[in-house]
There are 2 protein chains.
Amino acid sequence: MPAPSPTFEGDFIVPETPFRLSNGEALPEVRLRYALYGELNEARDNAVLVCHALTGSARVADWWGDLFREKDGAFDLERQCVIGVNVVGSCYGSTGPGSVNPETGKRYGGSFPVVTFRDVVRAQQALVESLGIRRLAAVVGGSIGGMQAMQWAVDFPEMVRACVSIGAAPLSAMGLALNHLQRQAIMNDPAWRGGDYESDAQPVAGLALARGIAMCSYKSAELFEERFARSPNRSGENPGRSLGERFDVAGYLDHQGEVFIKRFEANSYLALSKAMDLFDLGQDYYSEHEALSRITARTQLVGISSDWLFPAADVRALAERMRAAGAPVQYSEIETAHGHDGFLAEPDRVVSVIRTALATGRAACGD
Amino acid sequence: MPAPSPTFEGDFIVPETPFRLSNGEALPEVRLRYALYGELNEARDNAVLVCHALTGSARVADWWGDLFREKDGAFDLERQCVIGVNVVGSCYGSTGPGSVNPETGKRYGGSFPVVTFRDVVRAQQALVESLGIRRLAAVVGGSIGGMQAMQWAVDFPEMVRACVSIGAAPLSAMGLALNHLQRQAIMNDPAWRGGDYESDAQPVAGLALARGIAMCSYKSAELFEERFARSPNRSGENPGRSLGERFDVAGYLDHQGEVFIKRFEANSYLALSKAMDLFDLGQDYYSEHEALSRITARTQLVGISSDWLFPAADVRALAERMRAAGAPVQYSEIETAHGHDGFLAEPDRVVSVIRTALATGRAACGD
């Protein structure tokens, strides 16, 4: 079954210009690429916002197609309207480092400011409001999509009926370390040029290496062992012969890098990896506790058993802090060997979580 | 207490010239830098060979000083003679990529062949033999030092009375992946020049990044969290302000990289990381089982509970395969949050393991 096409896809200019950012800087203009699947109903209370992960786009069905399966998917497009919004900083249509700065007429490049998911979500809120939606039936996401979902529940509690966040929590020191090394890989590449590379000459070697490091953190040792073990690269290399000949897992990582550099931009990678680092629901509140106490959405936090980028224990601990702050939160766990990527690799589990959240959200509101 | 100085430090030229390597290539000459602590007794049966890890040297007391503590150390230099040998491929005195190839009069650089620990140990055996030692009281090592210790027990069973290997097993797919990415970091650096950089212009950015990736695999997430959590870099940076400002763990990794590039060489890093990849006791035997069945040394394999480069489960599984092959092996585990580095960070545990192995080895021989 092919992924459904959006019923609408277009751009939205956030009315707030310049758009203030958390760190005190501003963007002269924020454009958001968004996509709708299905139709908003008259009451405009059937919208589900799906927030994407690091390298995703507004076209939710392109990367999370299983959620749109007709019989056993998470959404019923006869009843619901799914909204995808590309995050600020990305390279899939929204304002990002590759966009032209209207004030200079040149691409932002290395001058693109640090953005946080608080900024990202505030821009999304302007879009949602402009669509006449007073309350989202749910905000859903995995990884940094989950960060956005939780940020929505904290910053705009009156606008979120249910919140589902999978495999997301503030990064631990190990996660911060791995992100830092990925950014170093890009910034080490002379082609990066402080971020001011030409659009057809990005730092591909650095970006591919960053992707390789990330892939290790998205998968689990168990999965790698099952898939690759100590096999030589399937292309017929002999790792013992020369420095460059590889084991299979190395060929896999290199291949992932080669594919990635064709579809992603190094500066966007830096911007979003930085935003991931900075995710902290207490940001701009008196404390994390105060922030979490604002949550009124039925919130479902989901840990992934083999995730070592966002360990399930960290997700569970965040759920416990939410509960301690009085938020209506539940915690559950996906048992899988797929690691962090479990939110993509275990669609049946995700479908079930989202269906339950949508039903519970409705029940709680007496719909 | 300062680390003891070697009673002797010098070079040994392996008589086999050219020196054949596992992959069919050869080195025109192999020079080994070695160090002795204490004195060989008349019977020459009091020697303990200590094999070093990736970035170590023949000067064992410089990097494993705790083992030489006078009262509660592992060795009694009045009775034992500790031998350290720098591995082939390293940059601490033995023949490596930075050495001059006597056939060309130029440094090997990128032309240095792939070496395995089977090659490394065969060269060491020539040295040990030249010292008049017919049997080592013990061969001991952690990480790739442990690989060498086990290789000794397999290749020269009659020469090893006791073998202690800590935190070592054939690398799993995840370990191979992490090593590959570290080598990529170096090889991505234009200063690497295919290995043919000048000795004063090595690829420092790539080498520092490789070290950063390695540090993540040497430590544990738990330890990083305890030490760094989400604190901003102690130099006073604000990670939210700009792309380059760091969290504390990132500052730590960068610092480790800066220190490392002053003391290690990129091509040696590539050579030894490759040797680590290739470690496979079955190499050149009919099967791993056949190789393991050769072991007669009292062998102690030690897993490190929080090691994710060489998971304790992998070390235990190797011990089980040894036992199944009839080798006199025991398995024990060091409980620590220090990760792979536990073999350096938990000296008391290591001292106890080595003392027991030395005593057991003696008892088994009726000494």
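Me: What is the handedness of the crossing of H5(A) and H7(A)?
Reply: This is a predicted model, and here the axes of H5 (residues 204-218) and H7 (residues 248-260) of chain A come within 8 Å. They cross at roughly 125°, and since angles from 65 to 115 count as roughly perpendicular and those over 145 as roughly antiparallel, H5(A) and H7(A) are therefore oblique to each other. As for the handedness, the crossing of H5(A) and H7(A) is right-handed.

Me: How many nonpolar, polar and charged residues are in the contact of H5(A) with H7(A)?
Reply: From H5(A) come A:Leu207, A:Ala208, A:Arg211, A:Gly212, A:Met215 and A:Cys216, and from H7(A) come A:Tyr252, A:Leu253, A:Gln256, A:Gly257 and A:Phe260. Gly counts as polar here. Sorted by class, that contact has 7 nonpolar, 3 polar and 1 charged residues.

Me: And in chain B, how many residues of each class are in the contact of H5(B) with H7(B)?
Reply: H5 (residues 204-218) and H7 (residues 248-261) of chain B have axes that come within 8 Å and cross at roughly 125°, in a right-handed crossing. The contact residues include B:Val204 of H5(B) and B:Ile261 of H7(B). By class, the contact has 9 nonpolar, 3 polar and 1 charged residues.

Me: What rotation superposes chain A on chain B?
Reply: The superposition has an RMSD of 0.0 Å, with 0.0 Å of shift along the axis. The two copies are thus related as by a two-fold rotation axis. The rotation itself is 180°.

Me: Do the copies meet through the same surface or through opposite ones, and what percentage of the interface residues says so?
Reply: Take the interface residues of chain A and look for them among the interface residues in chain B. The overlap tells us that the copies meet through the same surface, so the percentage to quote is 100%.

Me: Which are the edge strands of the open sheet in chain A?
Reply: The sheet has 8 strands with mixed pairing, in the order E1-E4-E6-E5-E9-E10-E11-E12. An edge strand pairs on one side only. That picks out E1 (8-13) and E12 (329-334) of chain A.

Me: What stands opposite A:Gly303 in E12(A)?
Reply: E11 (residues 298-304) of chain A and E12(A) run parallel, joined by 6 bridges. Across from A:Gly303, in E12(A), is A:Glu333.

Me: Which helix lies across E11 and E12 of chain A?
Reply: Don't pick H2 (residues 117-130) of chain A: that helix packs on the sheet by touching E1, E4 (31-37), E5 (47-51) and E6 (81-85), and makes about 50° with the direction of E4(A). The helix lying across E11 and E12 covers residues 312-324 and runs at about 170° to E12(A). That is H10 of chain A.

Me: Where is the cis peptide bond to A:Pro18, and what is its omega?
Reply: Most peptide bonds are trans, but the one from A:Thr17 to A:Pro18 is cis. A:Pro18 is found in the loop between E1 and E2 (19-20) of chain A. Chain B has a cis bond from B:Thr17 to B:Pro18, with B:Pro18 in the loop between E1 (8-13) and E2 (19-20) of chain B. For the chain A bond, omega is near -10°.

Me: What is phi of A:Asp284?
Reply: Most residues other than glycine have a negative phi. A:Asp284, in the loop between H8 (266-278) and H9 (288-293) of chain A, has a positive value instead. Its phi is near 70°.

Conventions
Residues are numbered from 1 along each chain as its sequence is written. Chains are lettered from A and ligands numbered from 1 in the order in which they are written. This is a predicted model: local features need pLDDT of at least 70, side-chain atom pairs count only at pLDDT 80 or more; totals for chains, interfaces and linings use all residues. Side-chain values use heavy atoms; hydrogens and water are left out. Axes are lines fitted to C-alpha atoms, for helices over the stretch in contact, and angles run from 0 to 180 degrees between N-to-C directions. Helices (H or I, at least four residues) and strands (E, at least two) are DSSP runs, numbered from the N terminus. A crossing is left-handed if the near helix is turned anticlockwise from the far one by less than a right angle, and right-handed if clockwise. Contact means heavy atoms within 4.5 Å. Two strands pair if DSSP finds at least two bridges between them. Angles under 35 degrees count as roughly parallel, over 145 as roughly antiparallel, 65 to 115 as roughly perpendicular and the rest as oblique. Copies are superposed by least squares on the C-alpha atoms of residues with pLDDT of at least 70 in both.
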